[in-house]
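Q: I am new to this model and would like a close look at one part of it. Please start from a single pair of residues and work outwards from there.
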Number of protein chains: 2
Amino acid sequence: MNEPLDRSGASLRVVVVDDHAMFRTGVRAEIERAGIVVAAEAEDVESAVSAITDAEPDVVLLDVHMPGGGGAEVMRRIARRGPATTFLALSVSDAAEDVIGIIRAGARGYVTKSISGPELVDAVARVAGGDAVFSPRLAGFVLDAFAGTIEVAQVDEDLDRLTEREREVMRLIARGYAYKEVAKELFISIKTVETHVSSVLRKLQLSSRHELTKWASDRRLI
Amino acid sequence: MNEPLDRSGASLRVVVVDDHAMFRTGVRAEIERAGIVVAAEAEDVESAVSAITDAEPDVVLLDVHMPGGGGAEVMRRIARRGPATTFLALSVSDAAEDVIGIIRAGARGYVTKSISGPELVDAVARVAGGDAVFSPRLAGFVLDAFAGTIEVAQVDEDLDRLTEREREVMRLIARGYAYKEVAKELFISIKTVETHVSSVLRKLQLSSRHELTKWASDRRLI
DNA sequence: CGGACCATCGGGTGTGCCCCTGAACCGACC
DNA sequence: GGTCGGTTCAGGGGCACACCCGATGGTCCG
């Protein structure tokens with residue numbers, strides 16, 4: 001550690017993505033004062049993707065909540081398109097699920113909008129240099145999620161539509177049990193298992209037990 | 001962000017775990033100067049566990065590489081034993097696998113031993129306050145691992161026993177392709193796909209394409 | 001040249017999975 | 001009492017999967 005870093009921001013090129021023009025103006029003023037070049041601005045997912053593709057900036061300052069899919073969607077599209085770009089999430093939210101979601105999508109840092117101008121300049125310079133930058137406390141969310149301590153809770157109205165018995169069968173199926181094994185485990189016939197599985201797949205709009213496994217494991221139900 | 005933090009270290013109690021007595025002495029001198037209380041020292045896994053259990057410190061400064069299992073082993077044992085304790089890893093190593101391993105085990109931060117005294121005091125105060133603390137650049141390893149960018153590389157003699165064609169088929173199967181789709185993709189007949197899949201399953205000692213999917217995803221081959 | 005290993009196919013068999021229709025029983029609710 | 005939803009089960013069909021047997025070429029090597 002302790003490599004000398006150029007934190008002046010000189011010659012860095014960034015794209016600012018936020019759906020509030022006022023905020024973009026503020027960010028631009030603060031960071032241009034430090035010598036950072038704002039190559040482009042964008043206010044939604046579509047324009048952000050093209051702006052980033054055209055400008056090829058060193059860093060993208062990216063709002064988390066935006067019309068058209070949010071910051072994570074921008075990152076996914078850019079990632080598919082090719083060149084590696086560094087993203088620094090910039091959001092009013094300090095919610096764990098926002099932080100985790102955007103980091104999982106590939107952002108190299110996350111700072112809240114209460115950040116000061118000089119701090120933002122410093123943060124941009126650091127992510128450009130390869131560091132990860134977080135507002136204090138927010139980094140902990142990522143660590144917790146990484147260590148499996150917290151779960152990204154989300155409502156599951158789909159899951160609610162399943163009956164008790166269907167959930168029971170689903171758990172076993174998702175865990176890799178064959179129909180025959182589920183039947184033996186629950187003291188019912190294979191035909192009944194088939195009925196329940198069909199109901200589960202239909203209600204969850206899935207088409208195979210493998211998708212069910214994936215669905216359940218995404219929700220940490222197994 | 002920007003909550004006022006007490007970074008003086010006043011009244012904080014820590015346990016220092018490191019197998020080098022000289023280094024423990026240095027750490028103790030530096031942090032006691034700032035008002036931090038060193039409740040105990042330990043030089044191996046066994047003594048660390050009992051020292052931490054007895055002293056119940058606010059923070060444990062923990063060496064990563066130690067005789068008897070290393071810092072991760074200490075954390076696992078303490079975690080099993082009950083009360084939540086905050087660990088700050090302190091290591092000469094800046095290797096990604098060390099950082100990832102210790103964070104995955106539950107540490108709230110990772111700093112290298114090249115850190116200065118005041119910086120260490122600040123780091124201790126911050127982890128005690130709930131923040132995550134990293135030496136610059138090291139945090140990026142965790143993010144990469146979290147986003148699935150890097151892999152914890154491991155040799156795979158099993159994988160070597162597969163022929164080129166078998167690996168090709170395996171990749172598609174593991175990704176969820178049906179035999180029919182694999183056949184179309186590789187311009188071969190379904191029967192040939194079956195042959196290759198059979199070989200792959202036999203060589204890897206698996207019994208179904210689902211286990212193959214799991215096997216492959218464990219090794220990040222998909 | 002004769003084996004080895006590999007990739008390419010075929011036929012056949014058994015099983016698992018998924019869906020369909022249909023039906024019986026039970027409890028809850030109107 | 002009738003209706004509805006949940007649970008239980010049966011028969012049958014279509015497709016995917018995993019295995020068995022075999023065969024044909026090709027390369028590479030001793």
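Which residue in β6(A) stands opposite A:Gly109?

A: The residue you are after is A:Val133, which stands opposite A:Gly109 in strand β6(A). Before going further, please keep in mind that this is a predicted model.

Let's begin with the strands around that pair. Strand β5 of chain A covers residues 109–112, and two bridges join it to β6(A), with the two strands running parallel. They belong to an open sheet of six strands in chain A, which you can follow in the order β2-β1-β3-β4-β5-β6, with parallel pairing. At the edges of that sheet stand β2 (37–42) and β6 (133–134) of chain A; each has a single partner strand, so one side of each is left without a neighbour in the sheet. The strand that holds A:Val133 is therefore one of these edge strands.

Now take a step back to the whole chain. Chain A contains eleven helices alongside its six strands. It has 222 residues, of which 36% are buried. Among contacts in chain A with a separation of 6 or more, 65% link residues 24 or more positions apart.

How confident is the prediction for this chain? The pLDDT of chain A averages 81, and 86% of the residues score at least 70. Two stretches call for some care. Residues 1–7 of chain A stay under 50, and the model gives them 13 contacts beyond four places in sequence. Residues 149–155 of chain A are also below 50, with eight contacts beyond near neighbours in sequence. Where pLDDT is low, the predicted coordinates should not be read in detail.

Further along the chain you come to the helices. A:Arg161 sits in the loop between α7 (157–160) and α8 of chain A. A:Arg161 counts as exposed because 12 other C-beta atoms lie within 10 Å, and exposed residues are those with 12 or fewer. The C-alpha atom of A:Arg161 is 8.7 Å from that of A:Leu204, although the two residues are 43 residues apart along the chain. Helix α8(A) then follows the loop, and its buried residues are A:Val169, A:Met170, A:Leu172, A:Ile173 and A:Ala174. These buried residues pack against α9, α10 and α11 (209–218) of chain A. Just after α8(A) comes A:Gly176, with a positive phi of about 105°.

A positive phi also turns up at A:Phe187, where phi is near 60° in a residue other than glycine. You will find A:Phe187 in the loop between α9 and α10 of chain A. With 7 other C-beta atoms within 10 Å, A:Phe187 is exposed. In chain B, look at B:Phe187, which has a positive phi of about 60° although it is not a glycine. B:Phe187 lies in the loop between α9 and α10 of chain B.

The helices also bring us to the DNA. Around DNA strand C there are 19 residues, and the closest are A:Ser208, B:Thr163, B:Arg165, B:Ile188 and B:Ser189. Two or more residues of this surface come from each of α9 (179–186) and α10 of chain A, and from each of α8 (164–174) and α10 of chain B. The most come from α10(A), which gives four residues. By class, the surface near DNA strand C has five nonpolar, seven polar and seven charged residues.

DNA strand D has 19 residues around it, and A:Thr163, A:Arg165, A:Ile188, B:Tyr179 and B:Ser208 come nearest. Here α10(B) gives the most, with four residues. The residues of the surface near DNA strand D divide into five nonpolar, seven polar and seven charged.

To finish, let's visit some strands of chain B. Strand β1(B) (residues 13–17) is mostly covered, with four of its five residues buried. Five bridges join β1(B) to β2(B) (residues 37–42), and the two run parallel; one pairing there matches B:Val16 with B:Glu41. Strand β1(B) also pairs in the parallel sense with β3(B) (residues 59–63), over four bridges, and here B:Val17 has B:Leu62 as its bridge partner. Together with helix α1(B) (residues 21–32), the strands β1(B) and β2(B) make a right-handed β-α-β unit.

Notes
Residues numbered from 1 in each chain as written. Chains lettered and ligands numbered in written order. Predicted model: local features only at pLDDT ≥ 70, side-chain atom pairs only at ≥ 80, totals over all residues. Buried ≥ 20, exposed ≤ 12 C-beta atoms within 10 Å, placed from the backbone. Pairing = 2+ DSSP bridges. Right-handed = clockwise from strand over helix to strand, strands pointing away. Near = placed C-beta within 6 Å. Nonpolar A, V, L, I, M, F, W, Y, C, P; charged D, E, K, R; others polar. Contact = placed C-beta atoms within 7 Å. pLDDT = per-residue confidence, 0-100.
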